[in-house]
Amino acid sequence: FVWDCLLFSKIKMRIDSMVGPKKQMGKVVGKRELAEKVFEIEISLPEVLLFKPGQYVSLKVNDQGLRRSYSVVDCVGGVIKLIVDVGPGGLGSVFLENIKVGGDLEVMGFFGNFLLDRTEVENKNVVYFVATGTGIAPFIPMIKKLKSFYTGKVVLWWGVRFVRRVYWQDELKKLKEDWDNFDYEMYVSRPEAEWGGKVGRV
């Protein structure tokens, strides 16, 4: 009985240590420009925390301690992936546009209750996701989670303003090929170049 209690205590301590939010010093291990002014940034964290699709992290973006929040697209093995629109040119935009691979930054997370509730969707015939710009970020891990258990239809409607801001098309096409239940439509509201897809606002 005593051994069981000790074992339970150690397991509980381990679980508690994985539950955020926590402040950590992360390191940028990957960065690439997906489209004009849109970057994918991968950050390695020293401690692995429990992540739920839909959650976000808070990044320290200047020496005065100001922070900006970004939804997490993926979290595998202590490496989180963010999608950042640096177009607005604010504090967070400038900081993340200039940061290099190998650079250090303070990360706090995970935060947020914008989560996928299995009990709310498993009895539905269709689940719709509607996003514009980098607002798609929290939906990607949710859709991937649905793929593991959901048998209904999953539909994504995603809009951007310009063709030069379109990205992730190969990834979405592959997901559609691999999963018959998934479908998506890409919208461009102000196509400035030849565009064979949907035109309009989402």
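Helices here are DSSP runs of H or I with at least four residues, strands are E runs of at least two, and both are numbered from the N terminus.

**Figure 1. The whole chain, with five helices and 10 strands.** This is a predicted model, where local features need pLDDT of at least 70, side-chain atom pairs count only at pLDDT 80 or more, and totals for chains, interfaces and linings use all residues. Residue numbers start from 1 along each chain as its sequence is written, and side-chain values use heavy atoms, with hydrogens and water left out. Along its principal axes, the C-alpha trace runs to about 70 × 50 × 25 Å. Of the 202 residues, 40% count as buried (under 20% relative accessible area; exposed is over 50%, partly exposed in between; 1.4 Å probe, protein chains only). The accessible surface adds up to about 11,600 Å², with 53% of that belonging to carbon and sulfur atoms (Shrake-Rupley method, 1.4 Å probe; for residues, only the protein chains shown count as cover). Take the contacts (heavy atoms within 4.5 Å) between residues at least 6 apart in sequence: 69% of them join residues at least 24 apart.

**Figure 2. A look into the one cavity of 30 Å³ or more.** A cavity is a set of points, on a 1 Å grid over the protein atoms alone, where a 1.4 Å probe fits but cannot get out; lining residues have an atom within 4 Å of a point. Grid points are joined across faces, edges and corners, and the volume is the space filled by probe spheres set on the points. Here that gives about 50 Å³. Going round the wall, you meet Lys22, Gln24, Leu45, Leu49, Val57, Val107, Met108, Gly109 and Phe110. Two elements, β1 (22–35) and β6 (104–111), each give two or more residues to this lining, and β6 has the largest share with four. By type, the wall splits into six nonpolar, two polar and one charged (nonpolar: Ala, Val, Leu, Ile, Met, Phe, Trp, Tyr, Cys and Pro; charged: Asp, Glu, Lys and Arg; polar: the others, Gly among them).

**Figure 3. Glu106 and Arg67 paired in a salt bridge.** Side chains of opposite charge can pair when their charged atoms come close. The rule used here asks for a side-chain nitrogen of Lys or Arg within 4 Å of a carboxyl oxygen of Asp or Glu, and the count comes to 12 salt bridges. In this one, the closest N and O atoms are 2.6 Å apart. Glu106 sits in strand β6 and Arg67 in strand β4 (residues 67–76), 39 residues apart, so the pair links distant parts of the chain. Glu106 is buried at 15% relative accessible area, while Arg67 is partly exposed at 24%.

**Figure 4. Two loops joined by Arg164 and Glu192.** The side chains meet in a salt bridge at 3.2 Å, N to O. Arg164 belongs to the loop between β8 (153–160) and α5 (169–178), and Glu192 to the loop between β9 (182–188) and β10 (198–199), so parts 28 residues apart in sequence are tied together. Arg164 is partly exposed at 37% relative accessibility, and Glu192 is partly exposed at 39%.

**Figure 5. Lys176 with Asp183, plus a salt-bridge network.** Lys176 and Asp183 meet through their side chains at 2.9 Å, N to O. Lys176 is partly exposed, with a relative accessible area of 38%; Asp183 is partly exposed too, at 24%. As for the network, Arg32, Glu40 and Lys81 are joined into one by salt bridges that share partners.

Technical notes
On a 1 Å grid over the protein atoms alone, a cavity is a set of points where a 1.4 Å probe fits but cannot get out, and a pocket is an open set with protein on both sides within 12 Å along at least five of seven lines; lining residues have an atom within 4 Å of a point.
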